[in-house]
Amino acid sequence: MKSRTKPKPSDKPASPRKTVIAQLVPSSEPNIDDDAEDRQRSGVQSLGRAFAILEEVARHREGIGLAELSKRVGLHNSTTFHLAKTMVSLGYMRQERDSKRYRVGRPLFALAASALDEIEMVNLATPVLEDLSRETGESGHFAVRMGDAVVVIARTSGTGAFQLTDRVGVVRPAHCTALGKIILASLRPDQLKRFLERVELKPSTKKSVTDQSVLLREITEIRRTAIAFDDGEFNPEVRCVAVPVYNFTGEVIGALGISGPIWRMSDQVLQSRAKLVQTAANRLSAEFGARGAAKSS
């Protein structure tokens with residue numbers, strides 16, 4: 001016996017036509033998962049754009065205008081402006097009042113300095129020096145400026161006989177070492193002038209440069225070639241070659257080089273080793289964020 005009770009409207013199955021329409025028309029109710037994914041995707045995109053802007057500004061030490069910045073990062077002017085404005089408000093970028101050009105802010109340098117402390121430098125430099133010593137058979141050194149001198153903060157021994165025994169932390173004069181000359185060549189003209197006014201160019205050997213005009217000519221050549229030599233100027237039995245190491249702003253952060261006995265490091269050998277030293281320095285510069293430096297030799 002069939003029931004005569006009529007089904008309620010809500011109990012009626014949806015017609016095929018209504019079902020299709022329901023599938024075609026999106027629900028007005030928001031999908032929480034979709035919103036979260038959209039926000040995350042948008043956030044990642046904004047972060048990527050912000051870092052692209054920051055990196056481009058850091059590459060232009062003289063500053064960069066909004067139009068050129070937008071062009072280089074591939075963003076619309078308004079998008080670049082709002083992202084740059086946020087970073088200026090946070091202090092990671094600054095905008096010059098007259099030219100309106102953007103430059104890197106001081107907090108970024110503080111972050112970089114804390115990241116590139118001496119321990120981190122040693123950690124990054126040591127494997128590069130180890131590979132360089134294996135390739136050349138000579139002692140490898142990485143030095144940074146310390147006042148008017150340079151200090152070796154990382155070193156490795158080569159495979160050749162009669163290796164130097166300089167310890168880490170040893171301080172060397174800047175004017176008669178290849179590592180030191182690289183540091184001097186990185187100074188601004190006013191800084192170099194004050195250095196020469198303060199420091200007496202004392203000889204360590206008979207070959208040490210003690211004449212300011214001679215040293216200035218050598219520094220000019222080092223700035224042109226980005227390579228420095230020490231032909232028995234600190235130790236009469238040792239020759240050295242060194243090149244600069246750069247950081248992410250393009251500034252010289254230290255000097256990398258090798259040294260060996262004069263009877264093994266002839267002029268011809270010194271020149272051939274210089275190419276390997278340059279390759280190693282490029283690799284280390286890349287570790288410090290330098291633009292255009294290859295991380296692999």
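**A colleague's note on helices, loops and buried residues**

1. Helix α4, which runs over residues 77-90, is where you will find L83. Please keep in mind that the model you are looking at is predicted. L83 has a relative accessibility of 17% and therefore counts as buried, since the cut-off for buried is under 20%. Which residues does L83 touch, once its neighbours within four places in sequence are set aside? The partners are S46, R49, A50, I53 and L75. L47 is also worth finding on screen: L83 and L47 are 36 residues apart in sequence, and their C-alpha atoms are 9.3 Å apart in space.

2. Now for the whole protein. The chain has 297 residues, and 38% of them count as buried. Its secondary structure comprises 10 helices and eight strands. Taking the contacts between residues at least 6 apart in sequence, 55% join residues at least 24 apart. The protein exposes about 18000 Å² of surface, and carbon and sulfur atoms supply 54% of that area.

3. Helices α7 and α9 make a good pair to look at together. Helix α7 covers residues 178-185 and helix α9 covers residues 212-225. How do their axes cross? They come within 9 Å of each other, at an angle of roughly 80°. Because the angle falls within 65 to 115 degrees, α7 is roughly perpendicular to α9.

4. Which residues build this contact? From α7 come K181, I182, L184 and A185, while α9 brings L215, E218, I219, I222 and R223. By type, the contact of α7 with α9 has six nonpolar residues, three charged ones and no polar ones.

5. A buried residue in a loop is V170, which sits between strands β4 (149-156) and β5 (171-173). The relative accessible area of V170 is 6%, so this residue is buried. Apart from neighbours within four places in sequence, V170 has contacts with V150, V151 and V152. For V151, the C-alpha atom lies 5.7 Å from that of V170, although 19 residues separate the two along the chain.

6. Two residues that are not glycine deserve a look for their backbone. Most residues other than glycine have a negative phi. K100, however, has a positive phi near 65°. This lysine belongs to the loop that links β1 (93-95) to β2 (102-104), and it is partly exposed because its relative accessibility is 48%. A226 also has a positive phi, about 60°. The loop that holds A226 lies between α9 and β6 (228-231). With 22% relative accessibility, A226 counts as partly exposed.

7. What about cysteines? A disulfide is a covalent bond between the sulfur atoms of two cysteines. How many disulfides are counted here? The count is zero, taking sulfur atoms within 2.5 Å as the rule. C176 has a relative accessible area of 0% and is therefore buried. C240 has a relative accessibility of 15%, so this cysteine counts as buried too.

8. Is E197 buried or exposed? Its relative accessibility is 54%, and because exposed means over 50%, E197 counts as exposed. This glutamate is part of helix α8, residues 189-198. Try picking out Q212 alongside E197: they are 15 residues apart along the chain, with 9.9 Å between their C-alpha atoms.

9. My last stop is N282, in helix α10, which spans residues 267-287. A relative accessible area of 32% makes N282 partly exposed. Its C-alpha atom is 8.2 Å from that of Y246, and the two residues are 36 positions apart in sequence.

Note on methods: Residues numbered from 1 in each chain as written. Predicted model: local features only at pLDDT ≥ 70, side-chain atom pairs only at ≥ 80, totals over all residues. Heavy atoms only, no water. Axes fitted to C-alpha atoms, helices over the stretch in contact; angles between N-to-C directions. Helix = DSSP H or I, 4+ residues; strand = E, 2+ residues; numbered from the N terminus. Parallel < 35°, antiparallel > 145°, perpendicular 65-115°, else oblique. Contact = heavy atoms within 4.5 Å. Nonpolar A, V, L, I, M, F, W, Y, C, P; charged D, E, K, R; others polar. Buried < 20%, exposed > 50% of the residue type's maximum accessible area, 1.4 Å probe, protein only. Areas by Shrake-Rupley, 256 points an atom, 1.4 Å probe, with all protein chains shown as cover.
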